[in-house]
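The exercises below are meant to be worked with the sequence and the coordinates open side by side. Each task is followed by a solution that proceeds in steps.

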Amino acid sequence: MAAANDQQDIKREKILEASHQRFLHYGYSKTTMNEIAGDLSMSKALLYYYFPDKSQLYIAVMRKLATDYLKTLENRLNSFTNLKEAFTFQVNTHHEFIVNNYNFFDFFRLNEQNLPEAIWEIVGEVRGAELGLLSNAIKTEVEKGAIKPVENPDEIVDVLMDALHGIRVGSISQKKTNFPRKEHLEEIHTKKLLLLDIFIKGLTA
């Protein structure tokens, strides 16, 4: 039984990897279950055995990407030498994640007003991990005596993250789009780093 379960887990991982590559190159809308099955030399019926439809498969791939992203954050916890390094790492890592997986996120562009609850749960987990990373960095700097005591680091970071999100919203509203185009990502990234600089100076003044 254990061997059979291991084989199922291996096959599932292969499906997720092949699907990620398809979504990454062609986007959600231009990818079909038939194509994914063909990439794997697998019957469509077997693919549907693992995932009942394309949206469920997409969510599973999203979960895997989010897990890998969270591991990247977790591996750096308590490893920063100063506040700027921690905050810059988070913004840069988030930026690289979006750039490297840009086509994958066309699902968000297509369903922005009607995203499944499972997607929002993943987004919430990612935001929570980012908040924890940055809040921990502030607490560490306070303990080192590098910055003055901060009563509510979680709330401060939450406000910062809302402000960083606001930069994206402001940028795309000026471009009259609902989701940033790839050519706008670098501009958004630069503005976020500028906001970070102002924020960090405020904490360290």
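**Exercise 1. State how much surface the protein exposes and what share of it carbon and sulfur atoms supply.**

Solution. The model is a predicted one, and its exposed surface comes to about 11,500 Å², of which carbon and sulfur atoms supply 53%. As a next step, consider burial: of the 205 residues of the protein, 39% count as buried. The extent of the fold can then be added, since the C-alpha atoms fill a box of roughly 60 × 45 × 25 Å when this is taken along the principal axes.

**Exercise 2. Describe the secondary structure and the sequence separation of the contacts in the protein.**

Solution. Begin with the elements: the protein has nine helices and zero strands, which, read along the sequence, gives the pattern α-α-α-α-α-α-α-α-α. Then turn to contacts between residues at least 6 apart in sequence, among which 69% join residues at least 24 apart.

**Exercise 3. Determine how many positive and negative side chains the protein has, and where a patch of negative charge lies.**

Solution. The count gives 25 positive and 28 negative side chains, with the centres of the two sets lying 6 Å apart. On the surface, Asp-6, Asp-9, Glu-13 and Glu-17 gather in a patch of negative charge. One of these residues, Asp-6, has its place in helix α1, which covers residues 2-26. The patch criterion asks for over 30% relative accessible area, and Asp-6 satisfies that part of it because its relative accessible area is 44%, a value that makes the residue partly exposed.

**Exercise 4. Decide whether Lys-54 is buried or exposed, and identify the nearest side chain of opposite charge.**

Solution. First locate the residue: Lys-54 lies in helix α4, residues 54-76. Lys-54 is buried yet has no salt bridge, and the nearest side chain of opposite charge, that of Glu-35, is 7.6 Å away. Finally, list the surroundings: leaving aside residues up to four places away in sequence, Lys-54 touches Phe-23, Tyr-28, Ser-29, Thr-31 and Met-33.

**Exercise 5. Place Lys-144 in its helix, classify its accessibility, and give its separation from Lys-64.**

Solution. Lys-144 is found in helix α7, which spans residues 117-144. Its relative accessibility is 49%, and Lys-144 therefore counts as partly exposed, given that exposed means over 50%. For the separation, Lys-144 and Lys-64 are 80 residues apart in sequence, while their C-alpha atoms are 36 Å apart in space.

Key. Residues are numbered from 1 along each chain as its sequence is written. This is a predicted model: local features need pLDDT of at least 70, side-chain atom pairs count only at pLDDT 80 or more; totals for chains, interfaces and linings use all residues. Side-chain values use heavy atoms; hydrogens and water are left out. Patches are made of residues with over 30% relative accessible area and no salt bridge: like charges are joined within 9 Å, nonpolar side chains (Val, Leu, Ile, Met, Phe, Trp, Tyr) within 5 Å. Accessible areas come from the Shrake-Rupley method with a 1.4 Å probe; for residues, only the protein chains shown count as cover. A salt bridge is a side-chain nitrogen of Lys or Arg within 4 Å of a carboxyl oxygen of Asp or Glu. Lys and Arg count as positive and Asp and Glu as negative; His and the chain ends are not counted. The place of a charge is taken as NZ of Lys, CZ of Arg, CG of Asp or CD of Glu. Helices (H or I, at least four residues) and strands (E, at least two) are DSSP runs, numbered from the N terminus. Buried means under 20% relative accessible area, exposed over 50%, partly exposed in between (1.4 Å probe, protein chains only). Contact means heavy atoms within 4.5 Å.
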